[in-house]
Amino acid sequence: ELCPTIKNILLLDSEGKRIAVKYYSDDWPTNAAKEAFEKAVFTKTQKTNARTEAEITMFDNYIVVYKFVQDLHFFVTGGENENEIILATVLQGFFDAVGLLLRGTEDKKEALENLDLILLCLDEIVDGGIILETDANVIAGKVDSHSMDAGAPLSEQTITQALATAREHLTRSLLK
Amino acid sequence: MGLRRMVYVIIKELSPSADEVIIVTSSLMKDMTSKTDMYRANAIRVLCRITDGTLLTQIERYLKQAIVDKNPVVASAALVSGIHLLQTNPEIVKRWSNEVQEAVQSRAALVQFHALALLHQIRQNDRLAVNKLVSSLTRGSVRSPLAQCLLIRYTSQVIRESTNDTQTGDRPFYDFLEGCLRHKAEMVIFEAARAITELNGVTSRELTPAITVLQLFLSSSKPVLRFAAVRTLNKVAMSHPTAVTNCNIDMESLISDQNRSIATLAITTLLKTGNESSVDRLMKQITNFMSDIADEFKIVVVDAIRSLCLKFPLKHRSLMNFLSNILREEGGFEYKKAIVDSIVILIRDIPEAKESGLLHLCEFIEDCEFTYLSTQILHFLGIEGPKTSDPSKYIRYIYNRVHLENATVRAGAVSTLAKFGAMVDGLKPRIFVLLRRCLFDNDDEVRDRATLYLNTLGGDGAVVETDEGVKEFLFGSLDVPLVNLENSLKNYDPSEKAFDINSVPKDVKIQPLAEKKATSKKPTGLGAPPPGPPSTVDAYEKLLSSIPEFASFGKLFKSSAPVELTEAETEYAVNVVKHIFDGHVVFQYNCSNTIPEQLLENVTVIVDASEAEEFAEVYSKPLRQLPYDSPGQTFVAFEKPEGVSAVGKFSNMLRFIVKEVDPSTGEVEDDGVEDEYQLEDLELVAADYMLKVGVSNFRNAWESMGVDFEHVDEYGLGPRDSLAEAVNAVINLLGMQPCEGTEVVPPNSRSHTCLLSGVYIGNVKVLVRLQFGLDGPKDVAMKLAVRSEDETVSDAIHEIVASG
């Protein structure tokens with residue numbers, strides 16, 4: 001198909017371990033395959049300096065654009081015939097949106113504490129491989145609008161607590 | 001609430017089926033009509049992920065409304081979901097065409113993008129609809145760079161499919177693409193530039209603006225832009241190296257780019273576009289560069305250097321030195337193997353490079369850590385060394401291996417020594433001495449081989465001519481495929497009867513010539529060419545050369561496309577591929593048996609060549625068995641006068657023994673009946689001797705061909721249906737490749753010039769310029785100008801037209 005497609009978006013830490021990842025393609029069917037890919041892409045880009053400008057590399061017939069800040073490593077992967085600049089635009093959108101959501105403190109600790117925001121953010125950028133939005137302000141806006149609700153803003157709760165609350169919600173509505 | 005959103009995300013992640021979440025769906029459906037836009041949008045996305053056909057029809061109404069919703073987030077959500085749903089429920093999504101069409105006109109940038117993507121997917125099988133869509137949007141306003149990129153891709157698709165129709169002379173929509181090169185957004189500029197470089201049969205004139213823009217990207221501060229540009233230019237350099245030479249200066253500065261992928265691409269591009277004088281300078285730059293990059297990049301560079309050397313054979317000395325130097329440095333097995341393979345190819349294809357190349361290889365094996373490479377080189381030395389002017393100088397290197405290496409290499413060295421002894425009579429005495437010393441080796445294989453060769457070479461080391469049989473033994477190849485031999489040996493039961501090599505089936509199972517899917521995982525590396533048309537030529541060559549009787553025919557010039565010799569739906573389906581060699585033609589009949597109750601044996605084709613006097617049948621290879629649903633091949637070879645493009649008509653009859661088969665048990669009757677089956681005639685025409693090879697710049701090629709063997713003449717083609725029909729008829733008659741889109745005749749024109757190029761048998765390049773004119777209402781007149789490297793060929797072309 002001719003529509004620009006994203007294969008995966010990864011957010012890894014400075015040792016290559018996962019913080020938040022989302023795959024949109026069947027090229028990596030098992031978890032083992034995914035982790036192998038993450039390890040490979042991390043090792044390949046480890047020594048490069050991708051802090052001022054987004055960098056780009058190609059391996060295994062995939063194009064990977066990436067950017068680093070502090071101990072966060074952002075990656076976006078596309079097929080070998082994809083328009084590299086479109087991939088870079090998606091990367092920039094993700095990168096800047098996370099920056100906005102973490103309110104300037106862009107490091108691993110802050111990211112883990114706001115994992116839910118980052119997951120929502122990923123959800124608002126790409127849907128099933130198709131690009132939904134590339135403007136960081138719009139993305140962050142869509143994510144933020146959910147946490148500005150009654151009750152403790154989500155950024156104060158950890159993901160497990162959020163899930164617990166969600167489960168409670170669901171059961172309550174089932175019993176209605 | 002953010003919690004609700006998280007639940008949505010989790011539901012999507014778990015992707016339960018619709019019946020599992022029936023409880024949740026009602027809640028989601030409520031959300032779909034909620035006042036809060038974000039809920040609507042996301043509920044839609046979740047529902048569409050978990051829905052099935054029935055649920056989908058229930059919510060269809062809401063989805064159609066959502067597509068044209070004021071809120072762009074909602075609209076996009078519905079459209080994107082539609083794109084996904086098109087895979088599973090296409091009939092339902094197609095009903096939304098009108099709403100999607102409306103959404104394409106939306107002022108919201110991304111809504112237009114999503115709507116365009118969905119609309120194109122809905123309409124993609126209707127070429128006319130896609131054409132209309134593209135036409136209207138290229139004139140209208142496109143509001144986001146992403147939508148513009150999509151439009152460029154669709155436009156390219158339309159251009160690709162329209163060259164088959166007779167449209168306007170200038171490529172349609174080219175102006176649109178060229179205009180996009182001046183767009184604000186870099187992604188659009190790049191997409192347009194790339195699209196132009198990928199146009200079918202693109203001319204230098206069309207390429208220029210695209211390359212200018214890519215050249216600017218080369219000096220951008222953003223690695224992504226530099227990479228995208230250099231990768232595209234690298235691909236262009238493969239087909240239009242001259243178009244890229246303007247960028248050479250920028251490329252050279254990229255050799256030192258921080259990003260090693262960019263640097264490697266730059267180097268390989270320079271290697272493709274470089275001319276002979278720049279080779280030395282390039283080599284110097286590359287030597288410094290090689291130590292910086294990883295093995296996988298080095299292999300790419302090595303391949304590019306090999307291609308460069310084949311292009312400029314006079315430079316073999318410096319390029320071969322370079323390869324030999326890097327061979328001696330540190331490196332992994334794959335890397336060194338690539339270098340050795342390249343040196344071997346250069347030795348084979350450039351005769352002047354043979355001596356130095358062989359010496360380089362000898363020096364390498366003195367210090368090689370990889371047994372595989374040493375044995376491969378020794379084997380190669382055994383074949384090529386004896387043919388050189390002074391084979392003795394290699395003996396020392398080979399014999400040293402016998403002393404110093406492991407058993408495998410020693411055994412290989414012994415075989416090589418034997419080959420030298422067999423081919424070079426003068427060396428026989430020395431070889432005998434050396435082989436006798438090998439009889440005391442530690443390893444059995446080495447001793448066995450030494451004994452074997454001493455005996456087969458025979459005599460007592462006198463300088464005598466080696467027996468032909470011995471040479472055949474040493475150098476000949478096995479008559480049977482190794483796989484079959486292995487299987488037969490496994491099945492052989494040791495008994496009184498000795499193993500009979502003649503019982504090994506000689507038939508090779510032909511692999512279906514399927515095109516490699518673009519999603520295959522085989523790494524192609526950075527500088528590899530994009531997957532071209534399926535390499536049927538290679539497959540045919542392999543097939544034909546595996547049949548010993550055809551091995552002496554030489555290089556395969558051309559294989560035609562399969563021609564059906566039976567109608568559809570017949571009991572036996574046969575098509576034929578015509579293989580053209582210099583002095584022979586081979587007809588490969590591909591046969592299929594569609595009757596489950598029959599097994600055909602000893603299938604041959606009886607060919608009546610009475611209407612093809614210049615041909616004499618030399619060999620017919622029968623197909624031993626043709627069971628149901630398992631296609632097979634039978635071959636008939638004819639000799640023809642060399643260098644002459646003889647034509648003729650051949651009538652064919654399929655002859656076989658048919659045996660009844662019980663389809664349920666698969667048992668075959670013992671007795672068979674001889675039968676025959678008439679096939680259609682096949683014709684060998686002049687166009688069969690012509691290879692379609694295009695040229696990118698016809699005028700340059702025409703000028704450089706020169707007028708020495710030019711032949712010009714005029715013909716009246718008589719009344720024709722249309723000018724276009726006449727043009728097509730001549731193109732098909734000659735079988736040559738139309739250049740620069742000149743096969744397309746503008747409607748309502750009274751005259752047309754068509755440019756053709758090709759390669760004729762004997763490897764003669766031919767260029768043809770046809771000028772057509774309408775003479776009166778229906779009569780077509782034609783002026784044919786032929787330029788080629790051989791006078792007889794130019795005349796032959798005219799012959800073809802005169803008699804066609």
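This report looks at how chains A and B meet in a predicted model, and then at chain B by itself.

## The A–B interface

Let's start with the footprint. On the chain A side, 53 residues are in contact with 59 residues of chain B. Put together, the two chains bury about 4700 Å² between them, and carbon and sulfur atoms account for 61% of that.

There's charge pairing here too: 5 salt bridges turn up across the interface of chain A and chain B. One of the pairs to look up in the structure is A:Asp123 with B:Arg45, a salt bridge whose closest N and O atoms sit 3.3 Å apart. As for polar contacts, 13 residue pairs across the interface make them, counting pairs with both residues at pLDDT 80 or more.

## What chain A brings

Quite a list of elements gives two or more residues each to the side of chain A that touches chain B. The strands are β3 (55-59), β4 (62-69), β6 (126-127) and β7 (130-131), and the helices are α2 (84-101), α4 (115-125), α5 (136-147) and α6 (159-174). The largest share comes from α6(A), with 8 residues.

Sorted by class, this side of chain A has 25 nonpolar residues, along with 16 charged and 12 polar ones.

## Chain B on its own

Chain B runs to 804 residues, and 50% of them count as buried. Its secondary structure adds up to 33 helices and 17 strands.

If you take the contacts in chain B between residues at least 6 apart in sequence, 64% join residues at least 24 apart. The accessible surface of chain B is about 38900 Å², with 50% of it belonging to carbon and sulfur atoms.

Definitions and conventions: Residues numbered from 1 in each chain as written. Chains lettered and ligands numbered in written order. Predicted model: local features only at pLDDT ≥ 70, side-chain atom pairs only at ≥ 80, totals over all residues. Heavy atoms only, no water. Contact = heavy atoms within 4.5 Å. Buried area = accessible area lost by both parts, 1.4 Å probe. Salt bridge = Lys/Arg side-chain N within 4 Å of Asp/Glu carboxyl O. Polar contact = N/O pair within 3.5 Å; in protein donor to acceptor, adjacent residues only side chain to side chain. Helix = DSSP H or I, 4+ residues; strand = E, 2+ residues; numbered from the N terminus. Nonpolar A, V, L, I, M, F, W, Y, C, P; charged D, E, K, R; others polar. Buried < 20%, exposed > 50% of the residue type's maximum accessible area, 1.4 Å probe, protein only. Areas by Shrake-Rupley, 256 points an atom, 1.4 Å probe, with all protein chains shown as cover.
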